[in-house]
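This report describes the fold of a single protein chain for a reader working at the bench. The sequence and the model are displayed below.

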Amino acid sequence: MSQVAFWAPVRGHGAATSNVLAVSTMIALDYYARIMITHTKRTRTALENAFGRPSSDGNLLSFSEYGLDALERLLQSDKMTPETIQDYTKPIVKDRLDLLPGSRKPLADPDCFREETLPYIVSSASRYYDLTFVDVGDGYKEDCTEVILRNSDLIVVNLSQNLELLERYFNKELWTESLQNKPLLLVLGDYDENSRFNAVNLARKFKWRQPIYTVPHCTGYLDACGDKNVLEFFLRSRNAGPGHSSHVFISEIRKLTKALLDRLGLDSKLMQERGA
């Protein structure tokens, strides 16, 4: 029962949202695990849209009944428990993957306690779910990002192959205090193996002794994110063989998910689905 934050130090670099979508969906299909995924942003995000188009009224869900705002009301009435959180999520993969939509309250709302309540709700969810993934987005000065990072059992740091960004990260110019003494996994998002700045060369340049994981650029996956059918993409592609356009992407996502589970001390052999 672990909390994992997906974070990128610079806006527009690292593909944190698409990476957490891929990892959470892959685990949900490959393992016996209960997973919740959520985010810290105030508007409807690519994370919420990835698993289905909004309804005709423009909302992914009825936010009077689901999502963070509904859980805030439940918390204020002292009726929220770790077990009841699931009732306010959108099921993506039955008994495996649930999505908790974010708040729709405007910043000026005097009843907005989201900066305090989201970390509490996420921590509570971690007592029910095996894995709770939080897309904290880019940077570290917005909303409750710092608290989420501090409370997480593992932080997945999402980087691009931009050399200036990498130099600033490895020199710790872009570090936030919450990364200190935390287990970290480094991931290069939207990765191009043919770049001169590939994972092997970057590890050598920055004398990085731990693995650098990659999420390769995959047109099919990016199209699925845009078309709001991420789950369908993984159902079609998860057993793609060598030569298939998605094979390398799926293989690298599986390497990342296994490393993530191992780093959390979860027994992947016991969690793994029969026949996967």
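The sections that follow treat confidence, the sheet, selected helices, the nonpolar cores and two individual residues.

**Model and confidence**

The structure is a predicted model. The mean pLDDT of the chain is 86, and 87% of the residues score at least 70. Confidence varies between elements: strand β8 (residues 212-216) has the highest mean, at 97, and helix α11 (residues 268-271) the lowest, at 70. For residues 54-63 the pLDDT falls below 50, and this stretch has 23 contacts in the model beyond its near neighbours in sequence.

The chain contains 11 helices and eight strands. Of its 276 residues, 54% count as buried. Among the contacts with a separation of 6 or more, 77% are between residues 24 or more positions apart.

**The sheet**

The eight strands form an open sheet with mixed pairing, in the order β3-β4-β2-β5-β1-β6-β7-β8. Strands β3 (90-93) and β8 are its edges, each pairing on one side only. From one strand to the next, the twist averages 25°. As a general principle, strands of a sheet pair through backbone hydrogen bonds, either parallel or antiparallel.

Two pairings that involve β7 can be set side by side.

| Strand pair | Sense | Bridges | A residue and its partner |
|---|---|---|---|
| β6 and β7 | parallel | five | Asn 158 and Val 187 |
| β7 and β8 | parallel | four | Leu 186 and Ile 212 |

Strand β7 covers residues 184-191. Seven of its eight residues are buried, so β7 is largely enclosed by the rest of the structure.

**Helices α1 and α3**

Helix α1 lies across β1 (2-8), β2 (35-39), β3, β4 (97-99), β5 (131-138), β6 (154-159), β7 and β8. Its direction makes an angle of about 165° with β5. How far apart should the ends of α1 be, given its 15 residues? At 1.5 Å a residue the helix should span 21 Å, and the end C-alpha atoms are 21 Å apart, so the expected span and the model agree. Helix α1 is mostly covered, with 14 of its 15 residues buried.

Helix α3 (residues 67-76) has seven of its 10 residues buried and is therefore largely enclosed by the rest of the structure. The buried residues in α3 are Gly 67, Leu 68, Asp 69, Ala 70, Leu 71, Glu 72 and Leu 74. Asp 78, just after α3, adopts a positive phi of about 60°.

**Nonpolar cores**

In soluble globular proteins, nonpolar side chains tend to be buried together. The largest nonpolar core in this model has 45 residues, of which Phe 133, Phe 234, Phe 249 and Leu 260 touch the most other members. Helix α1 (residues 16-30) gives the most to this core, contributing eight residues. Apart from it lies another core, of 37 residues, which includes Leu 100, Tyr 129, Tyr 191 and Ala 203.

Which residues surround Phe 234, leaving aside its neighbours within four places in sequence? Phe 234 is in contact with Ala 22, Thr 25, Met 26, Leu 29, Tyr 221, Phe 249 and Ile 250.

**Two buried residues**

Ala 28 belongs to helix α1. Its relative accessible area is 1%; the cut-off for a buried residue is under 20%, so Ala 28 counts as buried. Leaving aside neighbours within four places in sequence, Ala 28 is in contact with Ile 35, Val 93, Arg 96 and Leu 97. The C-alpha atoms of Ala 28 and Leu 231 are separated by 10.0 Å, although these residues are 203 apart along the chain.

Gly 137 is placed in strand β5. Is Gly 137 buried or exposed? With a relative accessibility of 8%, Gly 137 counts as buried. Beyond neighbours within four places in sequence, Gly 137 is in contact with Phe 6, Trp 7, Ala 8 and Lys 41. Arg 11 lies 126 residues from Gly 137 along the chain, and the C-alpha atoms of the two are separated by 7.8 Å.

Technical notes:
Residues are numbered from 1 along each chain as its sequence is written. This is a predicted model: local features need pLDDT of at least 70, side-chain atom pairs count only at pLDDT 80 or more; totals for chains, interfaces and linings use all residues. Side-chain values use heavy atoms; hydrogens and water are left out. A nonpolar core is a set of buried Ala, Val, Leu, Ile, Met, Phe, Trp, Tyr and Cys residues joined through side-chain atoms within 4.5 Å. Buried means under 20% relative accessible area, exposed over 50%, partly exposed in between (1.4 Å probe, protein chains only). Helices (H or I, at least four residues) and strands (E, at least two) are DSSP runs, numbered from the N terminus. Contact means heavy atoms within 4.5 Å. pLDDT is the predictor's confidence in each residue, from 0 to 100. Two strands pair if DSSP finds at least two bridges between them. Axes are lines fitted to C-alpha atoms, for helices over the stretch in contact, and angles run from 0 to 180 degrees between N-to-C directions. The expected span of a helix is 1.5 Å times one less than its number of residues.
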